[in-house]
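Biologist: Please take a close look at a single part of this model, the span annotated as a domain. I would also like an account of the helix contacts and of the ligand surroundings that help to place it.

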Amino acid sequence: MYLSVVVPCFNEDESIPLLVERLAQAIGPWADKAEIILVDDGSDDDTWAAMETASQQVPQVRGLRLSANRGHQVALTAGLEAARGERIFMLDADLQDPPEILPDMMSMMDRGYDVVYGRRAERKGETLFKKLTAHLFYRFLNVLSDVAIPKDTGDFRLVSRRSLDAVLNMPERSRFIRGMFAWAGYRQIGLEYVRDARVAGVTKYPFRAMLRFATDALTGFSTKPLKIATRLSFVSLFVTVFMAIYVFGSLLLYNTAPGWASMLLAISFFSGIQLLTLGILGEYVGRLYMESKQRPLYFLSQETGEPTLLPQGVD
Ligand code: UDP
Ligand code: MG
C-alpha cells in the first residue's frame, strides 16, 4: 500500500458522494495502491449509509464507524491508526480542503519532506468571527508554546510513514494533531491553498468546541499558563505595598484612613486573580486526571470494505 487517505466525518452524508468522487479523481496516478479511509465519528444522520454505498462503488474506499462521537481529532486518529500506506493524506469531509492539491504535495514529498501541510492563504465562506479567532489563536499559541506550530494550518496535509508512526506513538488523550506533527520534528514544509466554503451541511465546530480545541492545544503544548500565577502574585504584591503606603501615610498625615470602597476594590481584584489561577490550574489537573485513566480513545462498531480491524464476534 502506497497511499492512504484519511477523512473524519461527522454528519456529512451530503458531502460524502462528492468527496469520494473528487478523491477518486485525485488519487488517479496511485489508484492501484491506494486506500480511502472514511471514519464515521458516531454520526446521527445517514453518513454510515453513504459510506457503505461509496465502498461498493469505489474499490479503494474503506469505512470505519466509531461507537460514539469522539470528536474530530480522535476520529482522525482512528483513521490514521488504520492507515497502511507509506504516505498518508488527510483532509476534511466537507471539501474545504481541495483534494486536487495532492499531486503537488506528493512531488514536494519526493523532494525529501516528511510533512507537507496546507497553509490557508484565504478562507472562503467562513464568518468574520471564525477568521478573527483563528488568526489570533495561532499567534497566541505560538507565543505560549515551545514548539513552533505552523500558523494558519489545519490537519490538511500529506505525511510520511515515519512521521505518522511518531505521532501514533504519543498516547495522549487530548489530541492536537497538527501540533503533534510539529513536535515530532522531521522536515516540514507548507503549501499555500485557498480554503473553500463547505460543499454542504454546517460546521461541526460551534463556539464551545472551538474553545475546547483551543484549550487542548494550549495545555497540550505549553505549561506557561501555570506560571502566570507566579507573575500575577507579583502584581498583587506590588499593589498591596502601594496601598499599604497610602493607608499608613494618610493615617499619619490626616489621622484618617480611606474607607470601604478601596477595600471592596482590592478584594474583588484579588479574588478575581485567585479564581483565574485556580481555573488555569483546574484545566491542567483535569487533563492529568483524564490522562491517568488511560481509557482507549475510541471503539470501532462497524466496518465496510477491506480489511477487517474489528475483533472476532463483533458485528
Ligand atoms: N468532525 C468529526 N467529528 C466531530 C466534529 C467534526 O469527525 O465531532 C469532522 C467533520 O466532519 C469535518 C472535520 O472534522 O470533516 C472538520 O470539521 P468542520 O468542517 O465542521 O470544522 P470547520 O471547518 O468548520 O472548522
Ligand atoms: Mg470545515
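Modeller: Helices and strands are here runs of DSSP assignments, H or I over at least four residues for a helix and E over at least two for a strand, numbered from the N terminus. The model is predicted. In an unreviewed UniProt entry, residues 4–167 are listed as "domain: Glycosyltransferase 2-like". In the model, this span is 40% helix and 24% strand, and its end C-alpha atoms lie 16 Å apart.

Two helix pairs may be described in turn. In general, a pair of packed helices is characterised by the angle between the axes and by the distance between them. Helix α5 (residues 128–144) and helix α8 (residues 207–221) have axes that come within 10 Å and cross at roughly 15 degrees. Angles under 35 degrees count as roughly parallel, so α5 is roughly parallel to α8. The crossing of α5 past α8 is right-handed. On the α5 side the contact is formed by T133, F137, L141 and L144, and on the α8 side by M210, A214, A217 and L218. By class, seven of these residues are nonpolar, one is polar and none is charged.

The second pair consists of helix α6 (residues 161–168) and helix α7 (residues 177–184), whose axes approach within 9 Å and cross at roughly 115 degrees. The range of 65 to 115 degrees counts as roughly perpendicular, and α6 and α7 are therefore roughly perpendicular to each other. This crossing, of α6 past α7, is right-handed. S163, A166 and V167 of α6 meet I177, M180, F181 and A184 of α7. The contact of α6 with α7 comprises six nonpolar residues, one polar residue and no charged residues.

The surroundings of ligand 1 come next. Its shell contains 16 residues, of which P8, F10, A93, T203 and K204 are the closest. Strand β1 (3–9) and helix α3 (72–82) each contribute at least two residues to this shell. By class, the shell has six nonpolar, five polar and five charged residues.

Further along the chain, the unreviewed UniProt entry places the feature "transmembrane region" at residues 232–254 and 260–285. Residues 232–254 are 100% helix and 0% strand in the model, with end C-alpha atoms 32 Å apart.

Definitions and conventions. Residues numbered from 1 in each chain as written. Chains lettered and ligands numbered in written order. Predicted model: local features only at pLDDT ≥ 70, side-chain atom pairs only at ≥ 80, totals over all residues. Axes fitted to C-alpha atoms, helices over the stretch in contact; angles between N-to-C directions. Parallel < 35°, antiparallel > 145°, perpendicular 65-115°, else oblique. Left-handed = near helix turned anticlockwise from the far one by under 90°. Contact = placed C-beta atoms within 7 Å. Nonpolar A, V, L, I, M, F, W, Y, C, P; charged D, E, K, R; others polar. UniProt positions renumbered as here; feature names shortened; annotations may be inferred. Near = placed C-beta within 6 Å.
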